[in-house]
Amino acid sequence: MITDLPFESVYRHGFARVAACTIPVAIADPLTNVDAVLESARACNAEGVAIAVFPELCLTGYAIDDLVMQDPLLDAVEAGIERLVAASVDLLPVLLVGAPLRHGNRLYNCAVVIHRGRVLGVAPKAYLPTYREFYEHRWYARGDDQAGQHIVVGGETVPFGPDLLFDAVDVPGLTLHAEVCEDVWVPIPPSSGAALAGATVLANLSGSPITIGRADDRNLLSQSQSMRCLAAYIYAAAGQGESTNDVSWDGQTMIYEGGQLLDTTERFPDGPRRSVADVDLDRLRQDRIRQGTFDDNRRTTTPSFRTVTFELAPPASDIGLRRALDRFPFVPDDPARLAQDCYEAFNIQVSGLVQRLQAIGNPKPVLGVSGGLDSTHALLVIARAMDRMGRPRSDILTYTLPGFATSERTKRNAIALAEAVGASIEEIDIRPAASEMLARMGHPFAAGELVHDVTFENVQAGLRTDYLFRLANKNGGIVVGTGDLSEIALGWSTYGVGDQMSHYSVNPGVPKTLIQHVIRWVIASGELSAATVEVLQAVLDTEISPELVPAGQDGRMQSTEDRIGPYNLHDFTLYHVLRFGFRPSKIAFLAAHAWSDPDAGNWPPGYPEDERPSYDLVTVARWLEVFLQRFFGFAQFKRTAIPNGPKVSPAGSLSPRGDWRAPSDGNARVWLADLRAAVPQAFGESTHS
């Protein structure tokens, strides 16, 4: 984190803006091509781009055949590079341009790396295709044996070889490597070793001509290399103006990060085009920290690279954020991807429950149903598990356990749903037992006082679970837990003999914001009766509530989100804490960008248009503080003792036996300090303190 930059700057929060540029080239006319490079470079500069990658041999054109060996052309290339170097003095981006250069007895197909008036280094193409339409060995020497060398460019001696890393000393984590076209098509690309040596941004200057299906191949290679190397991969291919003697060109550009496509441009453009995106250097660093096998691979391959340092001097202004941000990182916006995620989530839960039931003698599932999201979803999972095992759904023993605040609506929904899916249903009123317990404890509620404290709430929550365990004993069953990933993160459960405990839990890997979509997916499957669909829709329309405190004078029932905050924001924070370990200040920055404008970006399919909220930075920070206090400073002792349940999200789970292991007596001080220092206005503090 660059703390001397303003909060609004993307560079403060671990991002670096990069661009993959394609330009119209003039065949064998370096000075004209320099003009085209500079036009795009200046546009990138205006956008705050740190790294701008241009196509292979873009100063001459890729397809110039024997013209590349003519001295007048090669002289013009060197003159063009000198002009680029001089013009770059006032430009922010590191420019990677393709050029043929003389060195020793041969020509090399090179990536020339230029920044603020100097050539930082030159990376020769390591592997030369000489098959099918390619004939590069005729003109160029392979650069794979040039490690440790130097070359004279524009009268200056600079590092030369495929072993160069370019490190921005003032942007933590921004380390660049360049390879050229065919280099990424070989089994072990040079960029693989570079990533193991510390490169986070891998650039490919490409001259690849287009044939049917080759664009998909390039996408696959770039995506795979970015994922395997835990890096960003910037790919820029030649396009308009290249010779079409026997091939054609499409000018494909794209930027991948960790296997995710950040930006691309249309192919076969009629002018300059560029993909621009903010790559997340924090994410890449965190991935490498977490995936220890990445560095283990370095130990056995021992990559050797030289590092060239430079100072980027990133912009301090607010230049926006150039990457797609999901409001719901657990819930894809793409309908097909969401359907696939729901299918996998539901079947992970079902398969886990089937395995557990069959392993312990096929007991009857015992479930408390409240008419809320979690127990509703758990019942759907259990019903499908029973179908898969060929067992009658009447073996599902469901109980509604109304207390002092249970509404007729939710109780009616719970009973109707159980009946609709064919489960056994029984009602047990816990109020008499709760009243007796409160009286024996001398609680003021028993004397008629309206005291609805945590004891009042937990007496009811505990009795519900106590009944379920004893009913499981009586009927040869096991209690199936319903608590979801979001509740586990926040510690929103009653410990011990309460909803924190069960024999086996089906929802602990599914966040609150995803459960409603899985239920919608089950509805959309078309396998449910009309009565079941009607009840499920009623559940989706009901406000989330523990129903432990009676309605107030305004008639409103107890609202979970009024108490602990919106699950929209908590799930956003949970994802970025659990998956990437991001700083709270960065999470606040991202959440404010994602949630400030309800009309911007995409919403998940099925999300009601009239219920699309927005949150400003101050609101984000205040609820983020609640999350941090609960997640880091309070809830771990409950997570340490949670029952078994399947991991669902690739972001992780909170099982103490799996993804998340933490001390039960930790605290939230460093996380809260980071947040309050970054967004002091949310906590009544001066922004100048």
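Let's start with one residue: Ser192 counts as buried, because its relative accessibility is 14%, below the 20% cut-off. Keep in mind that this is a predicted model. From Ser192 we'll go to a seven-stranded sheet, and then to a set of residues that a UniProt record labels "binding site".

**Around Ser192**

- Ser192 is part of helix 3, which covers residues 190-196.
- Which residues does Ser192 contact, once neighbours within four places in sequence are left aside? They are Gln225 and Cys229.
- Gln225 falls in the stretch of helix 4, residues 214-228, so that's a good place to look next.

**The seven-stranded sheet**

- The sheet is open, and its strands come in the order 13-12-11-10-9-8-15, with mixed pairing.
- Strand 13 (260-264) and strand 15 (306-310) sit at the edges with a single partner strand each, so each has one side without a neighbour in the sheet.
- Neighbouring strands here are turned against each other by 25 degrees on average, if you ignore direction.
- Inside the sheet, strand 9 (residues 175-180) and strand 10 (residues 201-206) run parallel and are joined by five bridges.
- In that part of the sheet, you'll find Val180 opposite Leu205 of strand 10.
- Helix 4 (residues 214-228) lies across strand 10, strand 11 (232-237) and strand 12 (253-257).
- Against strand 12, helix 4 runs at about 30 degrees.

**The annotated residues**

- An unreviewed UniProt entry carries a "binding site" annotation for Asn458, Glu487, Trp492, Ser493, Thr494, Tyr495 and Lys638.
- From this set, Glu487, Trp492, Ser493 and Lys638 belong to the lining of the largest cavity.
- Where does Ser493 lie? You'll find Ser493 in the loop between helix 12 (485-490) and strand 20 (504-505).
- Thr494 also lies in the loop between helix 12 and strand 20.
- Not counting residues up to four places away in sequence, Ser493 touches Asp499, Gln500 and Lys638.
- Is Thr494 buried or exposed? Thr494 counts as buried, because its relative accessibility is 10%.
- Leaving aside neighbours within four places in sequence, Thr494 is in contact with Asn458, Ala461, Asp499 and Gln500.
- Asp499 and Gln500 turn up among the contacts of both Ser493 and Thr494.

Note on methods: Residues numbered from 1 in each chain as written. Predicted model: local features only at pLDDT ≥ 70, side-chain atom pairs only at ≥ 80, totals over all residues. Heavy atoms only, no water. Pairing = 2+ DSSP bridges. Helix = DSSP H or I, 4+ residues; strand = E, 2+ residues; numbered from the N terminus. Axes fitted to C-alpha atoms, helices over the stretch in contact; angles between N-to-C directions. Contact = heavy atoms within 4.5 Å. Buried < 20%, exposed > 50% of the residue type's maximum accessible area, 1.4 Å probe, protein only. UniProt positions renumbered as here; feature names shortened; annotations may be inferred. 1 Å grid on protein atoms, 1.4 Å probe; cavity = no way out; pocket = protein on both sides within 12 Å on 5 of 7 lines; lining within 4 Å.
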